[in-house]
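Let's take a short walk through a protein fold together. Keep the structure in view and follow along as we go.

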Amino acid sequence: MNNAGILNTDGLLRLKMEDAHRVMQVNYFAPLQITQGIVKLMLRSKSASIINVASIAALKPTVGNTVYGASKAALISMTTCWAKELASAKIRVNAVAPGYLDTDMSTSVDSKVMGQLVNDTSLKRLGTVEEVAKVVSFLASDDSSYIDGEVIKITGGYRI
């Protein structure tokens, strides 16, 4: 499971390129490098599963998510590419795209903005890490043996 992620909510005009590079390094390049190394071991198994943790920000962008959303969109693209590339080795690759969760990362978001995000969610609350973990656990199990190259949104009905 690739669960790297740092957030930068600077708008286009305030965004510093060094911050953009750091977000891309953690959110995109780190999972790429880690997976390159671990796949060599996975090739020896009869079946395996890779799960990338993307974000709803990749699919439904919001103001201030220029780099974060792009990094997670790149991770989704990588998920699809890997699914095609690794299928013959019986390695499934999927992604989850959580919505807004009650985590340390969400505390960095302005409370007014967070209130609007919750209001845009049909369940009218933030999700929990445990709710995401249940979906990840399913994707890692043999119960999901026919799921490959998919992105599963876990958003509480964000902007449906």
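How far should the 21 residues of helix 2 (residues 66-86) span, at 1.5 Å a residue? Bear in mind that this is a predicted model. The expected span is 30 Å, and the end C-alpha atoms of helix 2 are 30 Å apart, which agrees.

Now look at what surrounds this helix. Among the buried residues of helix 2 are Val67, Tyr68, Leu75, Ile76, Trp82 and Leu86. Lys72 in helix 2 is buried too. The cover over the buried residues of helix 2 includes helix 1 (17-42), strand 1 (48-53), strand 2 (91-98) and strand 3 (151-154).

Next, turn to strand 2. Eight of its eight residues are buried. From strand 2, Ile91, Val93, Ala95 and Ala97 point one way, while Arg92, Asn94, Val96 and Pro98 point the other way.

Which strands pair with strand 2? The table shows two pairings, each with one pair of facing residues.

| Strand pair | Direction | Bridges | One residue pair |
|---|---|---|---|
| Strand 1 and strand 2 | parallel | six bridges | Ala48 and Ile91 |
| Strand 2 and strand 3 | parallel | four bridges | Val96 and Ile152 |

How do the helix and the strands fit together? Strand 1, helix 2 and strand 2 form a β-α-β unit, and that unit is right-handed. Within this unit, strand 1 and strand 2 run parallel, and both strands are among the elements that cover the buried residues of helix 2.

Technical notes:
Residues are numbered from 1 along each chain as its sequence is written. This is a predicted model: local features need pLDDT of at least 70, side-chain atom pairs count only at pLDDT 80 or more; totals for chains, interfaces and linings use all residues. Side-chain values use heavy atoms; hydrogens and water are left out. The expected span of a helix is 1.5 Å times one less than its number of residues. Buried means under 20% relative accessible area, exposed over 50%, partly exposed in between (1.4 Å probe, protein chains only). Contact means heavy atoms within 4.5 Å. Two strands pair if DSSP finds at least two bridges between them. A crossover is right-handed if, with the strands pointing away from the viewer, the path from the first strand over the helix to the second runs clockwise.
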